Amino acid sequence: MRLGHFARAAIIGLALTLGAAACSAGGATTATAPPAAPAAGGLEKTQLKIATLPAIDSAAIYVAIDQGLFEKEGLDVTAQVVQASPEAIPMMLNGEIDAMFGNYVSMFQAHDKGSLKVRILAEGSRASPDSLSIMALPDSPIKTAKDLEGKTINVNVLHNFQELALAQVLKANNVDPATIKYVQVTFQNIMPSWTGGQIDAAYLGEPMVTAATASMGARKILDPASGPAAEFPISGYVSTQEWYDKNPKVAAAFQRAIHNAGKLMENNREVVAKVLPNFTQIDAATAATVTFPYFSSNDNPVRLQRVADWMLEAKWLGKAIEVESLMSPTTSG
């Protein structure tokens with residue numbers, strides 16, 4: 001099967017985390033930034049370097065830069081793109097960056113192993129309807145969730161958030177997750193593996209969901225962000241506990257800016273679409289049509305605890321993690 005221009009662009013533009021999901025589709029075209037609370041006292045430092053991913057999920061930090069929200073907090077923030085969360089962890093431990101954006105599963109795994117004592121500065125993205133899809137080709141015999149039993153599905157990293165969320169949704173649909181065979185496939189190889197029969201169904205995130213539907217006639221079988229995994233927290237901004245202890249006022253200022261960016265993004269998808277071409281290979285036309293993730297304007301330990309609890313259930317953690325103990329106090333309204 002030949003792929004159209006949109007499909008090829010989607011393969012290039014898909015980031016190395018699969019979070020994506022829907023923000024509100026409407027909203028005014030002119031953004032008005034919420035007022036930022038002034039930092040209490042002098043900041044411990046003003047220049048920050050934050051590792052981010054070339055993913056839609058990372059948009060809040062770029063919106064905060066574009067809308068001057070960090071500047072209002074007295075911060076000068078530089079975003080440094082890395083290709084995967086694990087790449088940034090040693091950079092953070094070595095002091096090359098102040099903090100990073102990454103998926104919670106990788107962060108909790110590192111924390112559990114003792115290689116990273118993590119502090120969550122602010123929540124980032126949550127999955128929403130139609131942002132993630134288990135999809136079948138038009139001529140596939142897979143028609144329902146039950147048909148997925150015994151089938152092979154791709155993931156970008158084994159034992160990460162893709163499997164974690166899907167397992168819960170499969171169980172809710174009376175499908176035994178243990179029957180699914182997962183294979184690690186790079187994003188560039190998903191389409192060839194799918195059309196070549198190496199995988200039976202494709203686990204896709206935006207912009208590939210939109211591309212596969214439009215150019216290949218692919219069918220959605222199951223939404224991994226539905227049912228028990230609705231609003232599943234995917235990624236957030238974290239530092240080390242040591243960094244946080246030295247820079248509590250900076251951490252609070254950073255959190256306020258990210259939360260205020262989230263408030264802007266809730267009702268105005270244009271501010272998101274505007275920045276995507278700056279750090280992804282998603283062009284402006286594609287950015288205007290794809291489904292966005294939910295961007296958090298506040299932090300919620302209850303919803304985030306789900307991630308750690310499901311990881312413990314899957315035996316991906318050696319012991320339980322009390323997520324609230326890792327989260328920074330919320331300083332924004």
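A residue is called buried when its relative accessible area is under 20%, exposed when that area is over 50%, and partly exposed in between. In this predicted model, D130 has a relative accessibility of 40% and therefore counts as partly exposed. D130 is found in the loop between strand 4 (118-126) and strand 5 (132-136), and although D130 is not a glycine, its phi is positive, at about 75 degrees. Most residues other than glycine have a negative phi.

A second residue of this kind is E231, which is not a glycine and has a positive phi near 55 degrees. E231 lies in the loop between strand 9 (219-222) and strand 10 (233-240), and with a relative accessible area of 33% E231 is partly exposed.

Turning to the interior, the largest nonpolar core has 96 residues, and those with the most contacts inside it are F108, L148, F232, Y237 and F254. Helix 10 (residues 248-266) gives the most to this core, contributing 9 residues. Another core, of 15 residues, lies apart from it and includes L204, M208, V209 and A218.

F108 also leads to a helix pair, for the residues it touches include L304, V307, A308 and M311. The axes of helix 5 (residues 104-113) and helix 13 (residues 301-313) come within 10 Å and cross at roughly 60 degrees, which means that helix 5 is oblique to helix 13. The crossing is right-handed, and the contact is made by Y104, V105, F108 and Q109 of helix 5 together with L304, V307, A308 and M311 of helix 13. Of the residues in this contact, 7 are nonpolar, 1 is polar and none is charged.

Conventions
Residues are numbered from 1 along each chain as its sequence is written. This is a predicted model: local features need pLDDT of at least 70, side-chain atom pairs count only at pLDDT 80 or more; totals for chains, interfaces and linings use all residues. Side-chain values use heavy atoms; hydrogens and water are left out. A nonpolar core is a set of buried Ala, Val, Leu, Ile, Met, Phe, Trp, Tyr and Cys residues joined through side-chain atoms within 4.5 Å. Buried means under 20% relative accessible area, exposed over 50%, partly exposed in between (1.4 Å probe, protein chains only). Helices (H or I, at least four residues) and strands (E, at least two) are DSSP runs, numbered from the N terminus. Contact means heavy atoms within 4.5 Å. Axes are lines fitted to C-alpha atoms, for helices over the stretch in contact, and angles run from 0 to 180 degrees between N-to-C directions. Angles under 35 degrees count as roughly parallel, over 145 as roughly antiparallel, 65 to 115 as roughly perpendicular and the rest as oblique. A crossing is left-handed if the near helix is turned anticlockwise from the far one by less than a right angle, and right-handed if clockwise. Ala, Val, Leu, Ile, Met, Phe, Trp, Tyr, Cys and Pro count as nonpolar, Asp, Glu, Lys and Arg as charged, and the others, Gly among them, as polar. Lists of a residue's contacts leave out its neighbours within four places in sequence.
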